[in-house]
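Subject: Structure handover and notes

Dear colleague,

Please find below the structure I promised to pass on to you. My notes on what was found in it follow directly after.

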Amino acid sequence: MHFVVNGDQVDLDFDPRTSLLDMLRERLHLFGSKKGCNQGACGACTVLVDGERINSCLALAVQYQGREITTIEGLGAPGALHPLQAAFVEHDGFQCGYCTPGQICSAIGMAQELSRGVPSFVSDDVSAEAFVLTDDELRERMSGNLCRCGAYNGIVDAIRETFCVGDVQPTKQEAA
Ligand code: FES
Ligand code: FES
């Protein structure tokens with residue numbers, strides 16, 4: 001099976017029942033994506049596939065052959081952090097760090113959803129073409145990512161600083 005992970009071409013053979021999360025962690029040793037609940041409830045395993053956020057614990061790896069899979073390791077590196085990673089550091093958006101890779105991948109996917117005009121449960125007008133990332137919108141859109149340490153205020157501040165300067169929705173360039 002052929003995969004594209006963080007820009008690298010990878011060929012692997014494994015049990016077709018393997019989840020994407022287990023493939024990333026156990027076969028590719030990309031340990032940034034975490035296994036919290038392993039049932040779609042915590043968001044610690046969130047990765048990006050073709051720019052969209054998914055819970056990798058609920059995904060069969062075979063379904064994502066040939067797609068662009070991005071984990072936290074593919075977003076930035078020490079000395080060359082993604083702007084959102086740097087904002088998490090600046091705003092104390094983590095304590096233990098267990099949820100952080102999922103929070104960051106999810107927020108980047110969320111920004112791309114906003115740039116495409118995808119409404120949320122708290123959007124007043126679901127037919128609107130654009131949405132302002134208010135605190136309510138931000139918290140609702142990130143509600144699939146839990147933080148046991150309760151670092152939510154720092155997480156929100158980091159996301160707002162990165163994606164909502166002046167309370168406008170992120171552009172496609174900012175969301176990338
Ligand atoms: S480990 Fe996937 S949602 Fe919790
Ligand atoms: S920083 Fe510890 S779970 Fe979020």
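Strand S1, which covers residues 2–5, pairs with S2 in the antiparallel sense, and 4 bridges join the two; please keep in mind, here and throughout, that this is a predicted model. Within this pairing, Val5 has Asp8 of S2 as its bridge partner, while Phe3 stands opposite Val10, also in S2. The two strands form a hairpin with 2 residues between them, and in the turn Asn6 has a positive phi of about 55 degrees.

A second hairpin is built from S3 and S4, again with 2 residues between the strands, and here the turn holds Asp50, whose phi is positive at about 50 degrees. S3 and S4 run antiparallel and are joined by 4 bridges, with Leu48 standing opposite Arg53 in S4.

Both hairpins belong to the sheet, which is open and is formed by 5 strands in the order S2-S1-S5-S3-S4, with mixed pairing. Strand S2 (8–11) and strand S4 (52–55) stand at the edges with a single partner strand each, so one side of each of them is left without a neighbour in the sheet. From one strand to the next, the twist averages 35 degrees. Helix H3, residues 100–115, packs on this sheet, where it touches strand S3 (46–49), S4 and strand S5 (68–70), and its direction makes about 40 degrees with that of S3.

H3 deserves a paragraph of its own. The helix has 16 residues and reaches 23 Å from its first C-alpha to its last, which is close to the 22 Å expected at 1.5 Å a residue. Is H3 enclosed by the rest of the structure, or is it exposed? Because 16 of its 16 residues are buried, H3 is largely enclosed by the rest of the structure. The helix is followed by Gly117, which has a positive phi, near 75 degrees.Two other helices pack against H3. The first is helix H2 (residues 83–90), which meets H3 at an angle of about 130 degrees, the axes of the two being 10 Å apart. H2 and H3 are therefore oblique to each other, and their crossing is right-handed. On the H2 side of this contact stand Leu84, Gln85 and Phe88, and these residues meet Thr100, Gln103, Ile104, Ala107 and Ile108 in H3.

The second is helix H5 (residues 152–163), which packs with H3 at an angle of about 40 degrees, with the axes 11 Å apart. That angle makes H3 oblique to H5, and H3 passes H5 in a right-handed crossing. The contact is made by Gln103, Ala107, Ile108, Met110 and Ala111 of H3, together with Ile155, Ile159 and Phe163 of H5. Gln103, Ala107 and Ile108 are thus named in the contact with H2 and named again in the contact with H5.

Some residues in the loops may also be of use to you when you go through the model. His29, in the loop between helix H1 (20–27) and S3, has a positive phi of about 55 degrees although it is not a glycine. This residue is exposed, with a relative accessible area of 53%. Asn38 is found in the loop between H1 and S3 as well, and its phi, near 60 degrees, is again a positive value in a residue other than glycine. At 37% relative accessibility, however, Asn38 counts as partly exposed.

Thr18 lies in the loop between S2 and H1, and at 16% relative accessibility this residue counts as buried. Which residues is Thr18 in contact with, leaving aside its neighbours within four places in sequence? The contacts of Thr18 are with Met23, Ala59, Leu60 and Ala61. As for Gln112, that residue is 94 residues away from Thr18 along the chain, and the C-alpha atoms of the two are separated by 28 Å.

With best wishes

Technical notes:
Residues are numbered from 1 along each chain as its sequence is written. Chains are lettered from A and ligands numbered from 1 in the order in which they are written. This is a predicted model: local features need pLDDT of at least 70, side-chain atom pairs count only at pLDDT 80 or more; totals for chains, interfaces and linings use all residues. Side-chain values use heavy atoms; hydrogens and water are left out. Two strands pair if DSSP finds at least two bridges between them. Axes are lines fitted to C-alpha atoms, for helices over the stretch in contact, and angles run from 0 to 180 degrees between N-to-C directions. Contact means heavy atoms within 4.5 Å. The expected span of a helix is 1.5 Å times one less than its number of residues. Buried means under 20% relative accessible area, exposed over 50%, partly exposed in between (1.4 Å probe, protein chains only). Angles under 35 degrees count as roughly parallel, over 145 as roughly antiparallel, 65 to 115 as roughly perpendicular and the rest as oblique. A crossing is left-handed if the near helix is turned anticlockwise from the far one by less than a right angle, and right-handed if clockwise.
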